[in-house]
Amino acid sequence: MRRFFGAFIPIRVALTGADVAILLLLIAILVLGMTLAVRAPAAISGPAIQLAPEVLPYYAVRSLLRMAAAYALSLLFSLTVGYMAATYRWAGAVILPVLDVLQSVPILSFLPVVALSLTAILPEDVAVELASIVLIFTSQVWNMTFSFYQSMITIPADLREVAQIFRLNPWLRFRHLELAHAAIPLIWNSMMSWAGGWFFLMAAETFTVGARDFRLIGLGTYLQVAAEQGDLQALIWGLGTLIGVIVGMDQLLWRPLLAWADKFRLEMVESDEAPSSWLYDLWQRAALSEWFTERIWNPLLERVDAALGRLSAQLVARPALNPIPARVFLLPLVVIAGIGFIYGAYMAFRLLSALPPSSAPVLGLATLASMARVLVAQLIALAWTVPLGVAVGMNRPLAARVQPLIQVVASIPATALFPVILLFLLRVPMGIELAAVALMLMGTQWYVLFNIIAGASALPRDLVFTTEILGIRGLERWRVLIMPAIFPYLITGLITASGGAWNATIVAEYVEFAGQTHMTLGLGALIAQATGHGDYPMLLAATLTMILTVVTFNRLVWRRLYALAAERFRMD
């Protein structure tokens, strides 16, 4: 399974004109948001949070609805954008640079601007709900999009040839081949998106800026108020409800989906023990299942296939009559974008010119310090996630026992446990440094673990049996079979974990705890401090520095490794 293809095709890693345009667009959006934020109400009163146990079901439903809305947007975005990037060369040339930049954006630094700007143009309750959904969406969408894109570009060539032989139209090819091939990693990344979404949900529900209280009714605010008031009983009730919701999601949604998706596994022999789910097995045995499938689901699916099949065939085969030149549509967009770029560059220059010259070395040192913490967190994550992820993914009985526990632990927001960790680590030398790395690790290691489990579980059993027959064991088995098989998934996990780690610096490097502020040198600390003080020039400078740093690292490292995964480690 090693190196199926020839030479590695190098790709450009320098910043292109498209990257500069995207960065200018982000600057324009950020500056526009800051302009609107100035017009936001000076004081905003938040909701009254009750700590009675009977309100927890209502609070849990409110949090789940926000998560569900963000996940629906994330899934739609991932399937659409990932498909276009993998199918059309021109789309990939545009979308991949955009994803590189967007997944590197420290969304927690944009949260104050988004919330304040929306309250200037919308009712407060609607604005805060939209801001929370946007924040959760940005925490869920990138690993799902990269996962689906990675699955699309690693579809075996023989399967694509079969689709051509059967003359499947684009819709049927998408449903029967492309979506099926991506099902297992997409489900695992969806689980990871929900787990990561809890982290950002807590941040969104408990968000305040000075006299502006943007808190939302939900589990996050319940846990925050319980911790602030020292109500241990309420804190236990809140954590118990959160864990109950996580376990319920695992039993009622994720495990049935994993059991259902096992039929899409690429292998020549039957699995020794397929994933199981009591709910899925119950549904399969029920007479209602057969009636629903034959009377409702199959006829509905046939109609959808026929309608979308005709539409996709017409779009492919029928050229437009008297087509309107593309420049007719592009010219207005280019003009609007140009005006936005000029405005963003001008306002950004005005804001950045207000910074003293001494800010430049501080930004440089802060960048190096945050980068060191991100790399340390990722190395620690790799040290334990690779062996455990492979063991869980390749051992079905172990996965049945461990996967629910992993799902629960990964879904508990790191911010809920961070005060306890901080209380312990502040007593040791370099405690704030250790606490920062610990929080970054807790918030990002699951991206790597879930992707490795997905890659190992998707490994065909016939290849595993072949290595056993040939007597390939130990390190040789890792070199020949396991590492090439999980490599694309590992890169996807590391990319999303890197973005998550940079985001986590904002809450890890600047902490207010027990009436005191603890901070260390880093970009995250600069962003958090600038947000609290309303220092928009420093907020813009630190945010742009973080974006440029992450984009440059993506181009120098992750983009090359992505190309390597697509060229050498595809199962053909």
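This passage describes the nonpolar cores, a helix pair and selected local features of a predicted model. Local features require pLDDT of at least 70 and side-chain atom pairs pLDDT 80 or more, whereas totals for chains, interfaces and linings use all residues. Residues are numbered from 1 along each chain as its sequence is written, and side-chain values use heavy atoms, with hydrogens and water left out.

The largest nonpolar core (buried Ala, Val, Leu, Ile, Met, Phe, Trp, Tyr and Cys residues joined through side-chain atoms within 4.5 Å) comprises 86 residues. Buried denotes under 20% relative accessible area, exposed over 50%, and partly exposed in between (1.4 Å probe, protein chains only). Trp188, Trp198, Ile406 and Phe450 have the most contacts inside this core. Helix 7 (residues 170-205) contributes the most to it, with twelve residues; helices are DSSP runs of H or I with at least four residues, numbered from the N terminus. A second, separate core of 35 residues includes Leu355, Ala508, Ala528 and Leu539.

Helix 19 (residues 523-533) is mostly covered, with eight of its eleven residues buried; among them are Leu526, Ile527 and Ala528. Gly534, just after helix 19, adopts a positive phi of about 70 degrees. Arg167, in the loop between helix 6 (157-165) and helix 7, has a positive phi of about 55 degrees although it is not a glycine. Arg167 counts as exposed because its relative accessibility is 76%.

The axes of helix 13 (residues 359-394) and helix 18 (residues 474-508), lines fitted to C-alpha atoms over the stretch in contact (heavy atoms within 4.5 Å), come within 9 Å and cross at roughly 140 degrees.

Conventions
Helices (H or I, at least four residues) and strands (E, at least two) are DSSP runs, numbered from the N terminus. Axes are lines fitted to C-alpha atoms, for helices over the stretch in contact, and angles run from 0 to 180 degrees between N-to-C directions.
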